[in-house]
Amino acid sequence: MQKSRILQRLTNKSPLIAPPAAASNGSRPRRFETPHPKLPSCPPTASTLTRRRLHDEEILALNTYDFLAYLGKAVINPGGTVGRNLLLARLNPKPGSHVLEIGCGTGHTACHIARRFRCRVTAVDISPAMIAQARQTVQARGLGHIVKCEVADISALPFAQASFDYVVCQAVLMFVDQAPALQQLRRVLKPGGMFAGVEFGWRGTPPASVRQQTYDICGCRTLEFHHRGEWGYRLKQAGFDRVESKEQNFTMLSMTGFMRDEGLNSLKVLSRLLRRTASIKRLAGIWKHFSRHKNYFSYVVLAGRKLS
Ligand SMILES: C[S@@+](CC[C@H](N)C(=O)[O-])C[C@H]1O[C@@H](n2cnc3c(N)ncnc32)[C@H](O)[C@@H]1O
């Protein structure tokens, strides 16, 4: 992608893609009917975790999540550790039970679950680079005996039916075709098992232009967020019972949210950020958009049970 076009996208002066017709009347843009054909799907590349020096243009073209991973951010979801704790308070897994975490990223949540709740955890992610990172996290924390990491796609989980007591996923459903993914989550749960997740949510009714700019600035063709009610509806459609969906304030990009989620790692992330002007520009574009429209963003804590 040419540099001028990337910069245009970041400053939002002229979106690359016109707002979809379906969204102009305030209705929900549908992902596969109104794709973002010029943006990559997620995750587009594993190169962001290789630590090789990226060119400025590559940094500017990274999708939001690859960019945050490139900076070395460990927690990459809209609820941060607060959302994770809400999710886990709802799940409350029993000691000795088997938890599947899907889209585990750097492995921090898988380790937290294993340690805090004394569970066995299988952590999967579609990105081999993320799994390599997660394995390092697990090893560094000495949890290799109870946390296993492997590459797997949420849409085709390589596990038998009724394998897990609990399934967790944070900021993953929003990237994928949600109906088949939710059916997969339900399939691998034992009867009586529980799913809990955190996903990005719309608050109120954002104008079509704000929705479109958000998908554009995130740089990911397949992204799709929903209101709290729509997320809950999708879980019910997939066959979950006792469905809950609760809207929470989005604080991931605030300075306090950042420091709380990253702790000492904040210093590493900041120093990596400040090393490259292109990184500062990419973050400024994201920050500007999310701060300007912050009232339209939330995250949703989801939960549902498989009763039979
Ligand atoms: C926004 S990050 C969230 C990472 C982690 N859950 C966290 O909260 O920090 C999304 C993660 O989902 C993974 N992912 C995306 N599509 C996936 C899929 N189809 N199956 C499994 N993982 C996927 C990505 O590789 C990435 O690690």
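Two residues are said to be in contact here if their C-beta atoms, placed from the backbone, lie within 7 Å. Keep this in mind as you move through the structure, which is a predicted model.

Begin by selecting V167, which touches L100, I102, L185, V188, L189 and F195, when residues up to four places away in sequence are left out of the count. Now add A110 to the selection, since A110 and V167 are the residues with the most contacts inside the largest nonpolar core, a set of 77 residues. To see where the largest share of this core comes from, select strand β5, residues 189–202, which supplies 7 residues. Then colour domain 1 (3–74 + 252–295) and domain 2 (80–216 + 223–250 + 298–305) separately: both give residues to this core, so the core lies between them.

Next, select the ligand and the 22 residues around it, among which N77, G103, G105, I126 and I154 come nearest. If you colour this shell by residue type, you will find 14 nonpolar, 6 polar and 2 charged residues. With the domain colours still on, notice that domain 1 and domain 2 both contribute to the shell around the ligand, so the ligand, too, lies between them.

Finally, go to helix α9, residues 228–237, and select its buried residues, which are R228, W231, G232, R234 and L235. These residues cover an arc of only 155° around the axis, which puts them on the same side of α9. Show their neighbours as well, and you will see that the buried residues of α9 pack against α7 (178–188), β5, β6 (241–249) and β7 (297–305). The tour ends just past the helix, where α9 is followed by G239, a residue whose phi is positive, near 100°.

Terms used:
Residues are numbered from 1 along each chain as its sequence is written. This is a predicted model: local features need pLDDT of at least 70, side-chain atom pairs count only at pLDDT 80 or more; totals for chains, interfaces and linings use all residues. A nonpolar core is a set of buried Ala, Val, Leu, Ile, Met, Phe, Trp, Tyr and Cys residues joined through C-beta atoms within 7 Å. A residue is buried if 20 or more other C-beta atoms lie within 10 Å of its own, exposed if 12 or fewer, and partly exposed in between; C-beta atoms are placed from the backbone. Helices (H or I, at least four residues) and strands (E, at least two) are DSSP runs, numbered from the N terminus. Domain bounds come from an automatic or database domain assignment. A residue is near a molecule or strand if its C-beta atom, placed from the backbone, lies within 6 Å of it. Ala, Val, Leu, Ile, Met, Phe, Trp, Tyr, Cys and Pro count as nonpolar, Asp, Glu, Lys and Arg as charged, and the others, Gly among them, as polar. The arc is that of the directions from the helix axis to the C-beta atoms.
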